[in-house]
Amino acid sequence: MSFQPNPGDEVVINDIAYTIGQHPAAPGLAYAQAGRQGIVYQLLPRNGSISGAKALKVFFPKFRIPAMVYQSEHMESYSELPGLQVCKRDVLTPERNGALIGEHPDLLYAVLMPWVHGLTWFDVISDQKQLTAEESLKLARALAGTGSAMEQRGLAHCDLSAPNVMIPFFSEVENLRGVSAVELVDVEQMYGSRMDRPDALLAGSPGYAAHRTVHSGLWSAYADRFAGAVIIAEMLSWSDAAIVEKAWGESYFDQHEMQTVSERYYAMRESLQKRWGSKVSDLFIRAWESHDLSSCPTFGEWFVALAAVDISLASAASVEDSIDKASDQTDAVETNQIKGTEAASGTLDKLGYSDTNVTAAEPSPGQEAVVNRLFIQARALEDEGKPAAALEVYRSLYHFIPDNSAMQMEVEAAIQELNAKLNPKKDEAAQPAKVPFYRSKKFMISSAVLIVLLAGTVPTVKILADQAEVKQKEQEAAAKQAEMKAAEEAEAAKATALKQQEEEEKQKAADAAKFDAEEKKKLAEAEKKQAEAKKKEEERKALQAKYDKQAKYEAYLANQKQQKLDAAKKAEQEKYDKQAKYEAYLVWKKENDAKIAKQEAERKAAAEAQRKQEAAQKAALKKKRAQNVVTLIAHYNKTYNAQKGRKIENAESYARDFKNLYNTDATYFKGVGKVAARMNAINKFLSNTDYTLPNL
């Protein structure tokens, strides 16, 4: 029996009872996230809080490796490092979990580990969530610290990318274990001296893989340096509204732009220079221009540079940008997200991938956005007559599709068709071969849709996918060889163009330097003439001043003589006056000192009383706000449950209670978790009771 749980189902692992969590964006479906190697389910402890949730990773058949037990035992010692709590893993084996695996064979060598709450860096980029300067620096320092600690122990993640970087910093769940601001997940490919080399190596993720290594697998101590540099640069730049607006989509860079001179590269380099200083921007430039991973900056170098940055520069720039663009940017982002979601949904419905076909094993909402976007882009490029560009997008899309899925079969068929079109065989040049009906794109699409509509058909999809893969390997081998040759030729041409561009820039720099030298020489001569004229004028003025000074000195001597006589008389009188004033001063000073001492004591007592009062008020306000947040969530849940129970009047009453309480301190509530999102949903519901509240 395959493992396809529903929300609320109970699972007992190692004598501990857990329940399957419900997906927050899809009520009625299990909280599951699909990745390259398997599906991760959220398990909630039967007797415990949500902060103690676990993640159960169920691997696809070809990744169910017995050596996972040995690997996890060695990983456990690394769970104490910041950002690697998922290394504390428990593998389900036949010896310890035989009964459970017998009931659900898919759970063989599944891994139980801590559930990391919060967003992924992928979510932050996709939602265009702009950060403050303090948040950017905190996240970048956390990632640099984690990478540095791993490098010191000879470790590397080997698939560092936005979806694999979690941000507990933005979680609404209070975690008492004090996790790092950044956590890494999907550590099955981790490199270490005591780790076994994986059978299938990953080549990095689009937008984070160096173009010189993208066609080869990553498994070395240097594997994370380039991707880590890009993610740290993204985190630091994400407090810059201009950078957020320029982002390609699910990453800041398009994969085709990696390590090339592009508009996005220059924009990020200038932003880092302006906000964080030359040391940080130099590290990014060094990684971008590196010829191999070992020449990229270490995470330790990043950590040292970030520890010395001046946050005031970035904060000032962020405040200046936010004043001008905050309101307009918010409206634009929300509009684009709504339009993009509707367009993607409509296109997939036309192709047969409707919401009714989605099961608990489908990709997470974040990965669905990637699939939708890339699929639409590839289709558009095909319609525009750009098969080469469409082929590259289909290959990028392939990384995000779950194995053995219907869409995977369609994408594989499209890749094969475009490969055959771009690289025809010599014996087929004169007359194209007829495509068998079972290899046609139309048949593949129809089969995929039919398979998805059948219930419980995961094994069937796998069989068809394996058959299609065997039939495609022969044609893909020839296409891959031609593709590698074309890539080498393109790389050589690119290197020649870059060399020519560098020579032209050097010549321009030399000409500019020569012109500047001539201008400086002319300017120096003009300044010399002006200095000589000024010197003569000063000599004339000095001589005249000397004569004037002599006359004034003689008048001064006569005046001084008279003043001495007057001063002697005045001094005698002042002596008597001063004695009288001093005696009066002593009396006044004694009285004044006593008065000042009394006033100072009263002032200190009043200041201390005021400080205690303000502290009490702040504590009371903090406590009240915390209670109000809990009350707001309770009002929202009551509204949601009342609507589900079709008690609209009760739901409206609870909604008004929520809104009235929210408006008492709207500025504070707006920045707390998802309270603002709940307020937005409540407003929509009050204006239209037919609006369905989301389960937040």
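## Surface, salt bridges and rings

Student: Let's start with Arg 625: is it buried, partly exposed or exposed?
Tutor: This is a predicted model, so we're reading computed values. Buried means under 20% relative accessible area and exposed means over 50%. Arg 625 comes out at 23% relative accessibility, so it counts as partly exposed.

Student: Which residue does Arg 625 form a salt bridge with?
Tutor: Look for a carboxyl oxygen by the Arg 625 side chain: the closest N and O atoms of the pair are 2.6 Å apart. That is within the 4 Å cut-off for a salt bridge. The partner is Asp 665.

Student: How many residues apart in sequence are the parts tied together by Arg 625 and Asp 665?
Tutor: After the salt bridge between Arg 625 and Asp 665, check where each one sits. Arg 625 lies in helix 15, while Asp 665 is in the loop between helix 16 (648-663) and helix 17 (666-669), so the pair ties together parts of the chain whose separation is 40 residues.

Student: And is Asp 665 buried or exposed?
Tutor: The cut-off for buried is under 20% relative accessible area. Asp 665 has 17% relative accessibility, so it counts as buried.

Student: Staying in helix 15, how many residues apart are Arg 611 and Glu 608?
Tutor: Their side chains meet in a salt bridge, 2.7 Å from N to O. Both ends are partly exposed, Arg 611 with a relative accessible area of 47% and Glu 608 with 33%. They lie about one turn of the helix apart, and in sequence that is 3 residues.

Student: UniProt lists a coiled-coil region; how far apart are the end C-alpha atoms of residues 597-629?
Tutor: The "coiled-coil region" label for residues 597-629 comes from an unreviewed UniProt entry. In the model, that span is 100% helix and 0% strand. The distance between its end C-alpha atoms is 48 Å.

Student: What is the area of the nonpolar surface patch made by Tyr 582, Tyr 585, Leu 586 and Trp 588?
Tutor: Start with Tyr 582, which lies in helix 15 (residues 458-644). Patch residues need over 30% relative accessible area, and Tyr 582 is partly exposed at 46%. Together with Tyr 585, Leu 586 and Trp 588, it makes a patch of about 440 Å².

Student: Which helix holds Lys 246, the salt-bridge partner of Glu 263?
Tutor: The two side chains meet at 2.9 Å, N to O. Glu 263 lies in helix 7 (residues 263-276), so the pair ties together parts that are 17 residues apart in sequence, with Lys 246 in helix 6.

Student: Between those two, which one counts as exposed at 59% relative accessibility?
Tutor: Exposed means over 50% relative accessible area. Lys 246 has 31%, so it is partly exposed. The one with 59% is Glu 263.

Student: Which residues are linked with Lys 57 and Arg 89 in a network of salt bridges?
Tutor: Lys 57 and Arg 89 bring the nitrogens to this network, since a salt bridge needs a side-chain nitrogen of Lys or Arg within 4 Å of a carboxyl oxygen of Asp or Glu. The other members are Asp 186 and Glu 188.

Student: What is the phi of Asp 186?
Tutor: Asp 186 is found in the loop between strand 10 (183-184) and helix 5 (225-237), and it is partly exposed at 28% relative accessible area. Its phi is positive although it is not a glycine, with a value of about 55°.

Student: Besides Met 195, which residue is in contact with Gln 71, leaving aside its neighbours within four places in sequence?
Tutor: Gln 71 is in helix 1 (residues 68-75) and is buried, with a relative accessible area of 11%. Along with Met 195, its contact is Glu 188.

Student: The aromatic pairs number 18; what kind of pair do Phe 3 and Tyr 41 make?
Tutor: Phe 3 sits in the segment before strand 1 (10-13) and Tyr 41 in strand 4 (residues 38-45), 38 residues apart. Both residues are buried. Their ring centres are 5.3 Å apart and their planes are at 90°, so the pair is edge-to-face.

Terms used. Residues are numbered from 1 along each chain as its sequence is written. This is a predicted model: local features need pLDDT of at least 70, side-chain atom pairs count only at pLDDT 80 or more; totals for chains, interfaces and linings use all residues. Side-chain values use heavy atoms; hydrogens and water are left out. Patches are made of residues with over 30% relative accessible area and no salt bridge: like charges are joined within 9 Å, nonpolar side chains (Val, Leu, Ile, Met, Phe, Trp, Tyr) within 5 Å. Accessible areas come from the Shrake-Rupley method with a 1.4 Å probe; for residues, only the protein chains shown count as cover. Helices (H or I, at least four residues) and strands (E, at least two) are DSSP runs, numbered from the N terminus. Buried means under 20% relative accessible area, exposed over 50%, partly exposed in between (1.4 Å probe, protein chains only). UniProt positions are given in the numbering used here, feature names are shortened, and annotations may be inferred rather than shown by experiment. Contact means heavy atoms within 4.5 Å. Rings of Phe, Tyr and Trp (its six-membered ring) pair if their centres lie within 6.5 Å; planes under 30 degrees apart count as stacked, over 60 as edge-to-face and the rest as tilted.
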